[in-house]
Each structure stands twice: as C-alpha cells, then as structure tokens.
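Let's take a look at how parts of a protein chain can meet. Have the sequence and the 3D view handy, and follow along.

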Amino acid sequence: MAITKIHPIKHTVGKSITYIGNDIKTESGKYISTFGCAYETAELEFALTAQSAKSGGQNLAYHLIQSFKQGEVTAEECHEIGKKFADEVLGGKYEYVLCTHTDKGHYHNHIIFNAVSFKDYKRYRSDKKSYFRIREINDKICAEYGLNIIEETEHRSKYEHRKTYISNKYLIKKAIDECILYAVDYDDFLRRMNDKNFSARQDEFLWFRNNDNKRFTKTDTIGKAYSRENIEQRIRGIYRPTTTDLLIDIEHNVKCQQSKGYEQWAKIHNLKLIAQTLNILKERGLINYDVLSKRVSDQSAKLKSVQDEIKSRKKQISEIDKTIKNVNTYHKLKPIYEEYLQKNPLTKNSFYGKHKKEIDLFTRTADELKSTTVNNKLPSIKQLEAKKRKSQSEISKLSSQYADIKSEYSEISTLKKNVDMFLHLPQEQQQETPAKKPSLLKKLAEYKEQTKHRDEERQHRQHNHDQEL
C-alpha cells in the first residue's frame, strides 16, 4: 500500500526541486518526469505563472509524497504509479516535477507542484476535503495495480461517511416529491418549493438551491423524473416512466432458492416487468428482435463516437492552454533575451550566467511556438482564448448529446437484456443476431401458461398434503 503526505512550500521552491531531483536519489535523473515545465526551469516557470494569480497567498508550491512498502513495487512501477497519481490529482492544471527516490530500502515519489494553475490562474486549495480526495485517488490507483490499500480509520470514516450527512441533491429530491403531491399546477409547485426554503432558477433547465447553499443544482442530474418537463407531467398525473428494471434470474437467485414465498413473488414481478418491457418496445417500434439488437448496437457506436469527440476537444483545449502559457512566457522573457543579444562579447557570458534560466526558457519556448506562428507572428492571446471558448462550447453540446444517447442506450440495453433472459438464450447466443426469433408475444403467453400450470400443481400438492395431515 502507498502512504501519502502533503505540505506547502512557502520560500524554498528551488531548493526543494533540487533536493528531490538529486542524481543519487533518482539514478542520475532516470526517474524524473515533469508536466507543463522543464526540470531545470521549473522554479522560474512556477513564478511566472504565479504572477497572474487571481488571488493572493503565501504558498508558492506544494510537496506531495507517495511512499510504498519495501519490496512492494519496482522503481519503474513506482514512477509509473506516481505519474498517474499526479495527473489525476492535479487534472492537468498545475505544473509539476515528479521524482522517484530509489536510494533507500523503500521506493517513494516526491511531487512538487505549483500552487497556481496555469489554466485558470486559481490557487490550489489544500484542506481536509482535498487531502481525502488525494487518498481516495491513491487507493484507487493502488487497487488497479493489485496493491493493498489503507484501511479506513475511525477518523476518516467519520469525516467521509458519517451517517448524519445528507446530500443537497437528496434534500431537493425529497422536497420536489413532496411538493408535487400537493401542487395544483406548475406555478403552485414553485411556490411550495419556495416555502420550503428552495430558490428556483429557470432557463432551458430547472435549477434549485437551498437558501443556505450558494450553488444551484440542475434537477436533471437528480434523475430523469426530475426534469422540468417530467415534473410538469407528474403534477398533471400523465407522467409515464420509460425505463424498466432487470428481470430477476430466479434460477440463480440465492434468495429465490431459500424462500418459496420470494420465488413466487419474483415470478409475478417478472411477469409484470415483461409486460412493461413489451409495452415500451411496442411504443418505440422495437418489437422485432433484430431491430432491437441493431438499435442497441447503433447506440453503443454513437456513444463511443461522441466520447471520442469529447476527448479530442479536451486534447485541443490542453494544447491551447499550453500555447497560451508559452506565449505569456515568451512576452515576459523577451526583454531579457533581447538585452542578452545586445551585450558585447566581453559582458555577454557574464549576463548569461546571471540569467541562464530565463534565457534557456525563452529559447525553448520560442522553439515550441514555431509551429504556431503565421508570417512570423505569434498567435494572439485573444484568438487563443476565443478558440478555447469555442472548444468548451462544443464539449458542452457534446456532453449533453452524450447524456441523451447514454440514457437511451441504458434503457434499450436493459430492455434487450430482459428479452434475452425471457427467451432463455445462452450467453454465447446473446452475442449474435439470430436469423429468426419466435414471437415475443407468443412466448409471453406460453410463459404465463406455464407459470399458471406450475402454481396450480403446487396448490394441488399442498391441498393433498393438508388433507393427509
């Protein structure tokens, strides 16, 4: 298992980076990785980013340590885990230097990251909530690598899972359900929500917030039945859920094997679900098995396509952020570089010695920006920001599209699973689309008849048994 610690750096960023990058500790730099900066100029790049910070603060950086037990991981695995850990904790927003130390009996990672984000220039907030998030990410990644995770302590359990905690979504959901029961119309519903101390905001969606809370919650995120349209339908009494549950696998359900009563209930429950499933399939024109299978396959492909588009847009934004950072660095360091060029040969070396990091960073940044220049002109920050906003807007639209496709995919895949279970298809046959399938309605009638016949036999045996007694 890995243990994590974090503490702020207020003055000695350069010394801290030099310490964690020591050649003896990192096998001559073999286990040094960076993000958004170079190891040699990290202190300077941290400082340049911090100049644009939107709020003041004493912390220049943070030092995050991830330590493993002796013999638990190899040096390569330790560094690889550290990279994944840093990327997920920092979300691609903060420059960092990662060094894996191999000079002691146990391998451990040192991650020094900027206290200010180079994407939005906001400061990292280090508190109990962010620390427990670090621990959760650490545990998750360790589990992926088959490593033990830290057992819950009483303190951690009380902080994260205290039974008295009630989420804001739950409070809104409960209030909506109560108000719908007594509301005469939609306006009356809003008034009742206001009486319960919930403020509403309406655009294309419906939002609520408790007046003690600053943030609004979009009702669509609570559940499909809580969208504005469906709330109105529920008030008018015409709302019909379009989703269904999965059938109970009676043959393999432990509770069904232990309780005849539960088994009987499950049979009736399954009959109701099958009827509901068939009604929904009729309404959607999916009563044909081949058509249903194709729709599931098509929605799955659409889902992946939209997901890939979102990833592509996020990658574009990441590249834009990097370019914006480089353009800002270029403009900040250009005066020093120009002064360096104007120095005479006698003083040039001395000037370079004093400003080596700035000059090296400028030349590296200029090289990276060559591919973005047009007619030897750098892209403007305004153009880059506009391009970024456009990509963000596209991601927002794609995310909405993804949610709709995912919702339909979840519904129809559940419907298909019910049909497959109902037809008693073996697992391998469920992977293929059969050339011909029997009528689902006919199968349903046969299933009802068989169930009825079994129940009659059971009642008859019970009656005979009672008479014998």
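A residue counts as exposed when its relative accessible area is over 50%, as buried when it is under 20%, and as partly exposed in between. Keep in mind that this is a predicted model.

**Salt bridges**

With those cut-offs, start at Arg 125: its relative accessible area is 66%, so Arg 125 is exposed. Its salt-bridge partner is Asp 127, and the closest N and O atoms of the two are 3.2 Å apart. Asp 127 has a relative accessibility of 30%, so this residue counts as partly exposed.

That's one pair, but how many salt bridges does the structure hold? There are 32 of them. Here are three, with their N to O distances:

| Pair | N to O distance |
|---|---|
| Arg 125 and Asp 127 | 3.2 Å |
| Glu 95 and Lys 325 | 3.5 Å |
| Arg 313 and Glu 394 | 2.6 Å |

Now for the pair Glu 95 and Lys 325, whose side chains meet in a salt bridge. Glu 95 sits in the loop between α3 (75-90) and β4 (96-101), while Lys 325 belongs to helix α11 (residues 289-342), so this pair ties together parts that are 230 residues apart in sequence. Are these two residues buried or exposed? Both Glu 95 and Lys 325 are buried. They also have company: Glu 45, Arg 364 and Glu 368 are linked with Glu 95 and Lys 325 in a network of salt bridges.

Helix α11 turns up again with Arg 313, which pairs with Glu 394. This salt bridge links distant parts of the chain, since Arg 313 is in helix α11 and Glu 394 is in helix α14, 81 residues apart. Arg 313 has a relative accessible area of 18%, so Arg 313 is buried. Glu 394 comes in at 25% relative accessibility, so Glu 394 counts as partly exposed.

**Two helices packing**

Helix α14 has another partner to look at. To describe two packed helices, people give the angle between their axes and the distance between the axes. Helix α10 (residues 260-283) packs against helix α14 (residues 381-422) at an angle of about 125°, and their axes are 10 Å apart. That makes α10 and α14 oblique to each other. The crossing of α10 past α14 is left-handed.

Which residues make the contact? On the α10 side they are Ile 274, Thr 277, Ile 280 and Leu 281, and on the α14 side Leu 415, Asn 418, Val 419 and Phe 422. Sorted by class, this contact of α10 with α14 has 6 nonpolar residues, 2 polar ones and no charged ones.

Technical notes
Residues numbered from 1 in each chain as written. Predicted model: local features only at pLDDT ≥ 70, side-chain atom pairs only at ≥ 80, totals over all residues. Heavy atoms only, no water. Axes fitted to C-alpha atoms, helices over the stretch in contact; angles between N-to-C directions. Helix = DSSP H or I, 4+ residues; strand = E, 2+ residues; numbered from the N terminus. Parallel < 35°, antiparallel > 145°, perpendicular 65-115°, else oblique. Left-handed = near helix turned anticlockwise from the far one by under 90°. Contact = heavy atoms within 4.5 Å. Nonpolar A, V, L, I, M, F, W, Y, C, P; charged D, E, K, R; others polar. Salt bridge = Lys/Arg side-chain N within 4 Å of Asp/Glu carboxyl O. Buried < 20%, exposed > 50% of the residue type's maximum accessible area, 1.4 Å probe, protein only.
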